[in-house]
Amino acid sequence: MGKRPGIMVYFEILDALEDYNTEEIGQLFLAMLRYGDTGVLPEFTDRGMRTLWLSTKQKLDLDNLRYEQTCSNRRYSTYVREAKKRGEVFLDREEWAMSLEEERSNDINSIQLQQQPELQPEQQLQHQKEYITISHQPSAVNWQPSAVNRQQRTAGCRGLSVTAADFEQRRTEAMEKLVQHRTGTP
């Protein structure tokens with residue numbers, strides 16, 4: 001999911017806030033922002049602040065759920081639209097959601113693989129090519145690695161298109177430049 005750009009603050013808490021001083025309102029507002037950004041719960045010692053926080057937290061949680069559902073709906077709509085443009089068969093919503101979970105699992109495996117012992121830049125490039133070949137197996141008719149899908153969605157939003165071949169070529173060029181930079185070779 002995309003990270004939320006912020007939180008909603010509703011006028012309905014205005015009446016409740018009038019019983020608090022400016023410092024307490026500031027504490028509540030910072031708690032709302034921190035919770036919305038990181039999910040960290042505040043520890044209020046005042047019973048009134050805890051009560052106000054609980055009612056505010058319910059709104060924040062509901063807004064977060066709505067935001068995630070909206071993002072998911074938009075991603076699926078984009079996926080369907082782009083598949084139709086390419087004349088491809090697209091997955092139904094449940095299959096699509098399961099394929100995303102599979103991709104996330106592959107991404108986690110990739111992160112774990114990257115945390116293995118240090119390799120020389122040339123070895124890293126070869127190692128990454130081997131990993132992509134081995135770990136990213138098709139899970140649907142028109143499956144592509146998640147990074148390609150993300151790039152295609154981003155490009156689609158901007159009215160552009162990216163093919164898997166274009167993506168692979170640009171990725172390979174970028175990796176070669178990185179190797180050159182790290183080794184100091186032109």
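**Helix α7, residue D63 and an enclosed cavity**

In this predicted model, helix α7 runs over residues 164–183. Its 20 residues reach 28 Å from the first C-alpha to the last, close to the 28 Å expected at 1.5 Å a residue. Seen down the axis of α7, the buried residues fall within an arc of 130°, so they line one face of the helix. The residues in question are F167, R171, T172, M175 and V179. A general feature of helices helps in reading such a list: an α-helix has 3.6 residues a turn, so residues three or four places apart point the same way. The face of α7 turned away from the buried side carries exposed residues, namely A165, R170, K177 and H181. Just after the helix comes G184, which takes a positive phi of about 80°.

Attention now turns to another helix, α3, which spans residues 47–85 and includes D63. With a relative accessibility of 9%, D63 counts as buried, because the cut-off for that label is under 20%. Leaving aside neighbours within four places in sequence, D63 is in contact with R4, M8 and Y10.

M8 and Y10 appear again in the lining of the largest cavity. A search of the whole structure finds one cavity of 30 Å³ or more, and the volume of the largest cavity is about 60 Å³. Besides M8 and Y10, its lining is made up of V9, I13, M32, S55, T56, K59 and L60. Helix α3 gives the most to this lining, with four residues. By character, the lining residues divide into six nonpolar, two polar and one charged.

Terms used: Residues numbered from 1 in each chain as written. Predicted model: local features only at pLDDT ≥ 70, side-chain atom pairs only at ≥ 80, totals over all residues. Heavy atoms only, no water. Helix = DSSP H or I, 4+ residues; strand = E, 2+ residues; numbered from the N terminus. Expected span 1.5 Å × (residues − 1). Buried < 20%, exposed > 50% of the residue type's maximum accessible area, 1.4 Å probe, protein only. Arc of directions from axis to C-beta. Contact = heavy atoms within 4.5 Å. 1 Å grid on protein atoms, 1.4 Å probe; cavity = no way out; pocket = protein on both sides within 12 Å on 5 of 7 lines; lining within 4 Å. Points joined across faces, edges and corners; volume = space filled by probe spheres on them. Nonpolar A, V, L, I, M, F, W, Y, C, P; charged D, E, K, R; others polar.
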